[in-house]
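Here are some notes to read alongside the coordinates. They come as numbered points, so reply to whichever ones you like.

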Amino acid sequence: MPAGSDVLVMGAAIIRDGRVLVARRTAPDALAGGWEFPGGKVEPGEQPEAAVVREIREELGCEITVTGQLAGEQPIKDGYTLRVATATLDEGEPVPHEHDAVRWLGPEELDDVRWLEPDLPFLAELRELLLDGRRLDGGNVGGAVRIGHTVRRQQGRWSPAVHAYLAHLEARGLPYVPRVLGEDARGREVLTYLSGRVVDVDADQLDEAQLVSLVDWTRALHAAALDFTHPGPWRFFGVEEPELVAHNDLAPYNICFHQDRLVGVFDWDLAGPSTRLLELAFLAWNCVPLYRDIGAAPAAERLELIAKTYGDFTAGEILAAVPVRIQIMLDGIPAAVAAGDAGMARLMDVGEPARSAEFLADLRTRIPSIDKELT
């Protein structure tokens with residue numbers, strides 16, 4: 001408890017996607033225009049956690065859950081002491097009733113507002129919490145966190161080449177590609193966040209319209225990439241006669257949709273020299289999908305759809321290229337681990353490449369029946 005008989009005031013650092021909610025005071029005149037953690041006084045006999053939940057409900061009309069507390073406490077004025085709890089927003093969007101404005105601030109934006117003096121000592125610890133962000137699903141290779149409208153990812157020796165590639169694609173007008181915004185305080189790359197729905201292939205697969213949208217975009221990617229060159233180094237390797245720099249990891253876990261329309265392609269770490277056919281082969285492996293048995297006739301039908309949408313290659317050529325492309329992956333993962341790639345080591349921790357080797361062996365037994373169904 002605060003020293004002596006001080007009244008305890010609880011502020012709330014409400015954190016969502018690596019940003020914190022702050023509110024602007026209107027009174028008294030000496031504090032008007034200053035920003036603070038919303039909250040209020042703890043009533044006699046009331047627990048601090050219950051008090052801050054109640055105050056946020058009254059001040060902002062939303063429900064929170066207290067998750068912890070920032071270190072220390074600060075005097076506000078004679079007889080009043082401030083503590084700050086951390087919290088998550090569970091229900092409702094904040095609407096100020098006792099302030100005139102609210103804002104969500106990321107770690108790089110904490111200094112953009114004029115804080116009230118008692119709140120300032122809490123910012124250093126808060127900044128580190130915000131930099132932790134919210135872990136995004138997937139990401140066995142490198143991992144990524146969301147902070148507001150940005151994504152933060154660890155960099156590697158390949159990052160300058162990937163960033164140059166993304167800048168080239170943006171300059172060519174290719175849509176649905178993240179923009180590189182810079183580097184954060186932890187040395188991570190900062191990219192724009194691409195919003196959309198990621199299809200859960202464990203429960204479903206891409207429908208035909210989604211598959212067509214992805215293949216259409218892939219053709220546009222290859223057209224935009226044909227005049228791009230860069231010496232690297234690249235993370236992806238093993239293609240003997242590459243013809244362009246490809247994404248090399250087009251799969252449902254790296255793309256998002258609005259209804260049936262592709263709106264985002266992310267995780268470009270494996271971009272590197274390859275061929276158009278090998279790109280389509282990996283897309284077919286993941287999006288037919290060929291890594292599991294969906295039946296020879298349905299697999300052939302979806303291969304034909306990919307070939308018809310893209311053009312230039314037959315379904316049979318794409319099917320024949322799949323074992324070649326997957327073998328490149330199987331050989332590349334342990335080679336990358338031996339070279340010190342920690343992200344690839346994490347892939348091995350979750351069962352690769354052994355798991356994909358089993359899937360490929362199974363596919364080899366099914367290829368003749370799929371090929372027989374192709375027109």
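1. A word on labels before anything else: helices and strands here are DSSP runs, numbered from the N terminus, with at least four residues for a helix and at least two for a strand. Keep in mind that we are looking at a predicted model. With that labelling, Pro28 sits in the loop between E2 and strand E3 (35-36). The bond leading into Pro28 from Ala27 is a cis peptide, with omega near -10 degrees.

2. There is another cis bond to check, from Glu352 to Pro353, where omega is near 0 degrees. Pro353 belongs to the loop between helix H8 (342-349) and H9. As background, most peptide bonds are trans, and most residues other than glycine have a negative phi.

3. On the subject of phi, have a look at Asp17, which is not a glycine yet has a positive phi of about 50 degrees. You'll find Asp17 in the loop between E1 and E2. Is Asp17 buried or exposed? Its relative accessibility is 18%, so Asp17 counts as buried, the cut-off being under 20%.

4. Tyr176 also has a positive phi without being glycine, near 70 degrees. This one is in the loop between helix H3 (159-171) and strand E12 (180-183). Tyr176 has a relative accessible area of 29%, and is therefore partly exposed.

5. Now the overall picture. The protein has nine helices and 17 strands, and its C-alpha trace spans about 85 × 40 × 35 Å along the principal axes. Of its 375 residues, 50% are buried. If you count contacts with a separation of 6 or more, 71% of them join residues 24 or more positions apart.

6. Helix H1 (residues 48-60) passes a simple length check. Its 13 residues should span 18 Å at 1.5 Å a residue, and the end C-alpha atoms are indeed 18 Å apart, so the two agree. Buried residues in H1 include Val52, Val53, Ile56 and Leu60, but also Arg54, Glu55 and Glu59. What do the buried residues of H1 pack against? Their partners are strands E1 (7-16), E2 (19-24), E4 (39-41), E5 (63-69) and E8 (101-105). Just after H1 comes Gly61, with a positive phi of about 70 degrees.

7. For helix packing, take helix H7 (residues 315-338) against H9: the angle is about 170 degrees and the axes are 11 Å apart. That angle is why H7 counts as roughly antiparallel to H9, and the crossing is left-handed. On the H7 side the contact includes Leu319, Val322, Ile326 and Leu330, and these residues and their neighbours in the contact meet an H9 set including Leu360, Leu363, Ile367 and Ile370. By class, the residues of this H7 and H9 contact divide into 11 nonpolar, three polar and two charged.

8. Helix H6 (residues 296-310) also packs on helix H9 (residues 354-373), at an angle of about 60 degrees with the axes 8 Å apart. That makes H6 oblique to H9, and here the crossing is right-handed. From H6, Ala296, Ala297, Ala299, Ala300 and Leu303 meet Ser369, Ile370 and Glu373 in H9. The residues of this contact divide into six nonpolar, one polar and one charged. Ile370 is worth a click, being listed in the H9 contacts with H7 and with H6.

Methods
Residues numbered from 1 in each chain as written. Predicted model: local features only at pLDDT ≥ 70, side-chain atom pairs only at ≥ 80, totals over all residues. Heavy atoms only, no water. Axes fitted to C-alpha atoms, helices over the stretch in contact; angles between N-to-C directions. Parallel < 35°, antiparallel > 145°, perpendicular 65-115°, else oblique. Left-handed = near helix turned anticlockwise from the far one by under 90°. Contact = heavy atoms within 4.5 Å. Nonpolar A, V, L, I, M, F, W, Y, C, P; charged D, E, K, R; others polar. Expected span 1.5 Å × (residues − 1). Buried < 20%, exposed > 50% of the residue type's maximum accessible area, 1.4 Å probe, protein only.
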